[in-house]
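Student: I should like to learn how to read helix packing and burial from a set of coordinates. May we work through an example together?

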Amino acid sequence: MLIDASVALSWFVVCEETEASLALLERCRLRAPDILAAEVRGALRTLSARGELPQKQLSGMERRLSQLAIEMSPSDPHLREAFRLAQIISEPIYSCIYLALAQALAMPLVTADRRFYGAARRSPATAGHVRFVSEAA
């Protein structure tokens with residue numbers, strides 16, 4: 001199953017989607033583009049800088065992230081398609097890299113990002129390639 005950074009982030013930061021995201025981690029073979037690690041680390045740092053996450057927890061979270069069994073795929077071969085999809089659904093190219101990889105692998109992208117999910121579901125070009133985490137768990 002292909003996941004995006006929002007799913008991985010919910011393993012570390014408790015939110016409405018944490019339970020479903022943890023179920024995927026426990027039960028599924030997970031894949032992601034290689035940008036996932038940088039995106040999650042960036043989000044954790046941002047949350048810490050805002051005071052929403054204690055600084056002293058960051059190194060432990062970062063260490064756990066690097067130990068997770070997620071098969072990483074290179075992003076570069078999917079950049080052109082991600083750029084095309086970003087124009088179609090008006091979402092950041094980073095999010096669309098996940099979507100482009102999902103299409104290339106013929107597997108659904110699982111996300112915990114409601115806004116991105118809604119945008120991808122509204123377009124016929126991407127609607128069949130995205131699932132919300134609670135649907136996939």
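The dialogue below considers helix contacts, the faces of a helix and a few individual residues in this predicted model.

Student: At what angle do the axes of helix H1 and helix H2 cross?

Tutor: One fits an axis to each helix and takes the angle between their N-to-C directions. Here the axes of H1 (residues 5-12) and H2 (residues 18-27) come within 8 Å and cross at roughly 105°. H1 is therefore roughly perpendicular to H2.

Student: Which residues make the contact?

Tutor: H1 contributes Val-7, Ser-10 and Trp-11, while H2 contributes Thr-18, Ser-21, Leu-22, Leu-24 and Leu-25. By character, the residues of this contact comprise 5 nonpolar, 3 polar and no charged.

Student: How far apart are the end C-alpha atoms of H3, and what span should its 14 residues have?

Tutor: A rise of 1.5 Å a residue gives an expected span of 20 Å for H3 (residues 36-49), and the end C-alpha atoms are 20 Å apart, so the two values agree. Just after H3, Gly-51 adopts a positive phi of about 85°.

Student: Which residues of H3 are buried?

Tutor: The general idea comes from helix geometry. An α-helix has 3.6 residues a turn, so residues three or four places apart point the same way. In H3, the buried residues are Leu-36, Val-40, Leu-44, Leu-47 and Ser-48. Viewed down the axis of H3, these buried residues fall within an arc of 105°, and therefore line one face of the helix. Ala-38, Arg-45 and Ala-49 are exposed on the other side of H3.

Student: Against which elements do the buried residues of H3 pack?

Tutor: They pack against strands S1 (2-3), S2 (30-33) and S3 (70-73), and against helices H1, H4 (55-67) and H6 (93-105).

Student: How should one classify Met-1, and what is in contact with Met-1?

Tutor: Classification rests on relative accessibility, with partly exposed lying between 20% and 50%. Met-1, in the segment before S1, has 23% and so counts as partly exposed. Beyond its neighbours within four places in sequence, Met-1 is in contact with Leu-24, Cys-28, Arg-29, Leu-30, Arg-31, Met-107, Val-110 and Ala-136. Met-1 and Leu-30 lie 29 residues apart in sequence, with their C-alpha atoms 5.0 Å apart.

Student: Is Gly-128 buried or exposed?

Tutor: Gly-128 counts as exposed, because its relative accessibility is 68%. The residue belongs to the loop between helix H7 (114-122) and strand S5 (130-132). Its C-alpha atom is separated by 7.5 Å from that of Pro-108, 20 residues away along the chain.

Note on methods:
Residues are numbered from 1 along each chain as its sequence is written. This is a predicted model: local features need pLDDT of at least 70, side-chain atom pairs count only at pLDDT 80 or more; totals for chains, interfaces and linings use all residues. Side-chain values use heavy atoms; hydrogens and water are left out. Axes are lines fitted to C-alpha atoms, for helices over the stretch in contact, and angles run from 0 to 180 degrees between N-to-C directions. Helices (H or I, at least four residues) and strands (E, at least two) are DSSP runs, numbered from the N terminus. Angles under 35 degrees count as roughly parallel, over 145 as roughly antiparallel, 65 to 115 as roughly perpendicular and the rest as oblique. Contact means heavy atoms within 4.5 Å. Ala, Val, Leu, Ile, Met, Phe, Trp, Tyr, Cys and Pro count as nonpolar, Asp, Glu, Lys and Arg as charged, and the others, Gly among them, as polar. The expected span of a helix is 1.5 Å times one less than its number of residues. Buried means under 20% relative accessible area, exposed over 50%, partly exposed in between (1.4 Å probe, protein chains only). The arc is that of the directions from the helix axis to the C-beta atoms.
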